[in-house]
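Colleague: I would like to go through this model with you, one point at a time. Please keep the answers short.

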Amino acid sequence: MSSALARSRKPRVVQEWLCERLFRPLAHLVVLVLAPLRVPPPAVVLASAACGFAGAVELARGDLIAAAVLVQVKTVLDNADGQLARLTGRVTAFGRYLDSECDLLVNAALFAALRTPLAALGFVLLTLVLSTNFNVERLARGGMAAWDSSVLGRVYGVLYGWQDRLADRLLGGRAIQSWQVSALANLGMTTQLAAFGLCMALGHPTAYVWILVCEAVGVAALLTVQPKQEVSLEHR
C-alpha cells in the first residue's frame, strides 16, 4: 500500500501538510477500491463536485454539520481523482482542466450559499490565495503557464490563464525562497476547505471569510520579502 501511495503522489516542490497526513491516506483507500473497477478519474472529479454542490445546498439550508461533512467528503474525492489517475496511468489534460474548473464552480457555490455580501469578498480572496499557491510552486520548479485548444482547455485559459500570466508578470524572474513555497503550499485547497468546514461545524461559516482576509494579508507580506543581496566593495 505504501508503494502505491508513493506512486500516486503528485509531484510538487513541497507537499501540503494536512493533505499528506490526513486526506491523501483517506483518498488512497478510495483509490484502492476504485482502481480494480477501472473507474475513470473524471467520474471521480464529477462525484467530488457533486458532494461540493450538495454541501453548498446544505449550507444554504442551514444544516451546517451536514455541509461540513459533505465538504470534507468532497476533499477526499478531490484528492482521490488525481491519485487514481497517476496510479493507473490515466493522467490527462482533460482531467486536469475538469478538476480545476469544477473546483472553481464549487467554491463559488459554497460562498454563494453564505447569503451575505461578504461572500463575494471571500470567493475573490480564496481564488487569489489558491492562485498564488499554484503559481509560486509552478514558478519555483520552472513550470510554464500553458493550456491547449480543447473546449475545457479554452475554458481553463479564460478562468485561470489571466491569473497565471499575472503571476508571471509580478513574480517571474524573482528569487522564490523555499520557505515561501512551503508556507504557501500549506494554504492549498485541502487546508482551505478543512478550515471552511470547521467554521461551518462551529456554527460560524462566515468567520472563514475573515480567516481569508488574514491569509491574504499574510500572503502579501510573504511575497514582499526578498533575499538580502551581498554587497561587494572593491578597492580602487
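Colleague: Does A6 count as buried, partly exposed or exposed?

Modeller: This is a predicted model, and what follows is computed from it. A6 sits in helix 1, residues 2-7. Its relative accessibility is 41%. Buried requires under 20% and exposed over 50%, so A6 counts as partly exposed.

Colleague: How far apart in space are A6 and V45, C-alpha to C-alpha?

Modeller: In sequence, A6 and V45 are 39 residues apart. In space, the C-alpha to C-alpha separation of A6 and V45 is 21 Å.

Colleague: How many helices and how many strands does the chain have?

Modeller: Read along the sequence, the pattern is α-α-α-α-α-α-α-α-α-α. The count is therefore 10 helices and zero strands.

Colleague: What is the radius of gyration of the chain, and what does the globule rule give for 236 residues?

Modeller: Along its principal axes the C-alpha trace spans about 75 × 45 × 35 Å. The chain is as compact as a globular protein of that length, because its radius of gyration is close to the value from the globule rule. The two values are 19 Å for the chain and 18 Å from the rule.

Colleague: What share of the contacts in the chain with a separation of 6 or more is between residues 24 or more positions apart?

Modeller: As background on burial, buried residues make up 45% of the 236 residues. As for the contacts with a separation of 6 or more, the share from residues 24 or more positions apart is 80%.

Colleague: Which helix gives the most to the largest nonpolar core?

Modeller: In soluble globular proteins, nonpolar side chains tend to be buried together. Here the largest nonpolar core has 33 residues, and L59, L110, F111, L114, F196, M200 and Y208 touch the most other members. At least two residues each come from helix 3 (41-61), helix 4 (64-87), helix 5 (93-112), helix 6 (118-140), helix 7 (151-171), helix 9 (189-201) and helix 10 (207-224). The one that gives the most, with seven residues, is helix 5.

Colleague: Which residues does L59 touch, leaving out those up to four places away in sequence?

Modeller: L59 is one of the core residues that touch the most other members. With residues up to four places away left out, L59 touches L64, A67, L110, A113, L114, F196, M200 and P205.

Colleague: How many residues are in the other core that lies apart from the largest one?

Modeller: Among the members of this other core are A4, V76, L84 and L87. Its size is 13 residues.

Colleague: Which residues lining the largest pocket are the closest to its centre?

Modeller: The largest pocket has a volume of about 1400 Å³. Its 50 lining residues divide by class into 17 nonpolar, 17 polar and 16 charged. Helix 2 (17-34), helix 3, helix 4, helix 5, helix 6, helix 7 and helix 9 each supply at least two of the lining residues. The closest to the centre are K10, R12, D99, S100 and F134.

Colleague: Which helix gives the most to the lining of the second largest pocket?

Modeller: The second largest pocket has a volume of about 450 Å³. Of its 21 lining residues, L128, S131, T132, Q163 and L166 are the closest to the centre. By class, the lining has 15 nonpolar, five polar and one charged. Eight of the lining residues come from the helix that gives the most, helix 6.

Colleague: Which residues line the second largest cavity?

Modeller: A search of the whole structure finds two cavities of 30 Å³ or more, and the second largest has a volume of about 30 Å³. Helix 6 and helix 8 (178-185) each supply at least two residues of its lining. The lining residues are R12, N133, V136, E137, V181, L184 and A185.

Colleague: Where does R38 lie?

Modeller: Most residues other than glycine have a negative phi. R38 is not a glycine, yet has a positive phi of about 55°. At 61% relative accessibility, R38 counts as exposed. R38 lies in the loop between helix 2 and helix 3.

Colleague: Does R115 count as buried or exposed?

Modeller: R115 lies in the loop between helix 5 and helix 6. Phi of R115 is near 55°, a positive value in a residue other than glycine. Its relative accessibility is 67%, so R115 counts as exposed.

Technical notes
Residues numbered from 1 in each chain as written. Predicted model: local features only at pLDDT ≥ 70, side-chain atom pairs only at ≥ 80, totals over all residues. Heavy atoms only, no water. Core = buried A, V, L, I, M, F, W, Y, C linked by side-chain atoms within 4.5 Å. Buried < 20%, exposed > 50% of the residue type's maximum accessible area, 1.4 Å probe, protein only. Helix = DSSP H or I, 4+ residues; strand = E, 2+ residues; numbered from the N terminus. Contact = heavy atoms within 4.5 Å. 1 Å grid on protein atoms, 1.4 Å probe; cavity = no way out; pocket = protein on both sides within 12 Å on 5 of 7 lines; lining within 4 Å. Points joined across faces, edges and corners; volume = space filled by probe spheres on them. Nonpolar A, V, L, I, M, F, W, Y, C, P; charged D, E, K, R; others polar. Rg over C-alpha atoms; globule rule 2.2 N^0.38 Å.
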